[in-house]
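I opened the notebook to go through this model from its overall make-up down to single residues. The entries below follow the order in which I looked things up.

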Amino acid sequence: DLAADMLEQMTSKLPEGQADAAEKMEAMMGPIVMATRISTLVMPVLALIFSGFIAWLVAKIAGGQGRFGQALGVVALAHLPQAFSGLLSVPVALARTEAPHLQEMAGLLKTHPAAFTSLETDSPLFLLSASFDAFSLWVLGLTILGTAVALRVPMKRSAGIWIALKVVLVL
């Protein structure tokens, strides 16, 4: 159990005679685990709804037609490559001798231009080029196509808006 392992690690580092601190930590673990589980389920759904709203708003501004549900469907289907990327990352992570840190999980698949350079991982140029990986470009293309077809926005207008939005979000 994750909570038991975390509690054991925290209490093993306590100096002797601090049993009351261990009891307080144990009492806090339940709510922490519950909040983690709830946020793991709720946050992706809220992000999807927000992204669907942005897609619907973009379509309305661009003169397209369509309902919010159609925009939500476009966004949900367009982000399937990101889920595919996550699935492909699992065997890569399991093949490592030690478990990757949470910050490393996003960069396990080297599908961006920065992976083929000798740039330092914290340099601005590395971070900029890492934002344009194959999977995010795939999502961008599907979003452009989905907005053009399902929400009846002209393809050039859809591409212009979504590419500009991507650039603004990256910078």
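Before placing any residue I wrote down how elements are assigned: helices (H or I, at least four residues) and strands (E, at least two) are DSSP runs, numbered from the N terminus. With that in hand, I placed Ile49 in helix α2.

**Ground rules.** I noted that this is a predicted model, in which local features need pLDDT of at least 70 and side-chain atom pairs count only at pLDDT 80 or more, while totals for chains, interfaces and linings use all residues. Residues are numbered from 1 along each chain as its sequence is written, and side-chain values use heavy atoms, with hydrogens and water left out.

**Overall make-up.** I found eight helices and zero strands in the protein, so named under the DSSP rule above. For burial I used relative accessible area (buried is under 20%, exposed is over 50%, and partly exposed lies in between, with a 1.4 Å probe and protein chains only). On that scale, 26% of the 171 residues of the protein count as buried. I took a contact to mean heavy atoms within 4.5 Å, and looked at contacts between residues at least 6 apart in sequence, of which 47% join residues at least 24 apart. The accessible areas come from the Shrake-Rupley method with a 1.4 Å probe, and for residues only the protein chains shown count as cover. By this method the protein exposes about 11,700 Å², and carbon and sulfur atoms supply 69% of that area.

**The nonpolar patch.** Patches are made of residues with over 30% relative accessible area and no salt bridge, with like charges joined within 9 Å and nonpolar side chains (Val, Leu, Ile, Met, Phe, Trp, Tyr) within 5 Å. A salt bridge here is a side-chain nitrogen of Lys or Arg within 4 Å of a carboxyl oxygen of Asp or Glu. I found a nonpolar patch on the surface with about 1,100 Å² of accessible area together, and its members include Met34, Val42, Ile49, Phe53 and Phe68. Helix α2 (residues 19-61) gives the largest share of the patch, 11 residues. I checked two members: Val42 is partly exposed at 37% relative accessible area, and Ile49 is partly exposed at 41%. Beyond its neighbours within four places in sequence, Ile49 is in contact with Phe68 and Leu72. The C-alpha atoms of Ile49 and Ala76 are 9.1 Å apart in space, with these positions 27 residues apart in sequence numbering.

**The nonpolar core.** I next asked which residues form the largest nonpolar core. A core is a set of buried Ala, Val, Leu, Ile, Met, Phe, Trp, Tyr and Cys residues joined through side-chain atoms within 4.5 Å. The largest has 12 residues: Ala55, Val58, Ala59, Ala62, Ala71, Val75, Leu140, Ile144, Leu151, Val153, Ala159 and Trp162. Helices α2, α3 (68-78), α7 (134-150) and α8 each supply at least two residues of this core, and α2 gives the largest share, three residues. Not counting residues up to four places away in sequence, Leu151 touches nine-membered company that I list in part, including Ala55, Ala59, Arg67, Ala71 and Gly146.**Where α7 meets α8 in sequence.** Thr147 lies in helix α7 and is buried, at 1% relative accessible area. Leaving out residues up to four places away in sequence, I saw that Thr147 touches Val74, Arg152, Val153, Ser158 and Trp162. Ser158, in helix α8 (residues 155-170), is buried at 0% relative accessible area. Apart from its neighbours within four places in sequence, Ser158 is in contact with Thr143, Ile144, Thr147, Ala148 and Val153. In the loop between α7 and α8 I found Arg152, which has a positive phi of about 55 degrees although it is not a glycine. Is Arg152 buried or partly exposed? Arg152 counts as partly exposed, at 47% relative accessibility.

**Helix α4.** I checked the length of helix α4 (residues 80-95), taking the expected span as 1.5 Å times one less than the number of residues. This helix of 16 residues reaches 24 Å from its first C-alpha to its last, close to the 22 Å expected. The buried residues of α4 are Pro81, Ser85, Ser89 and Ala93.
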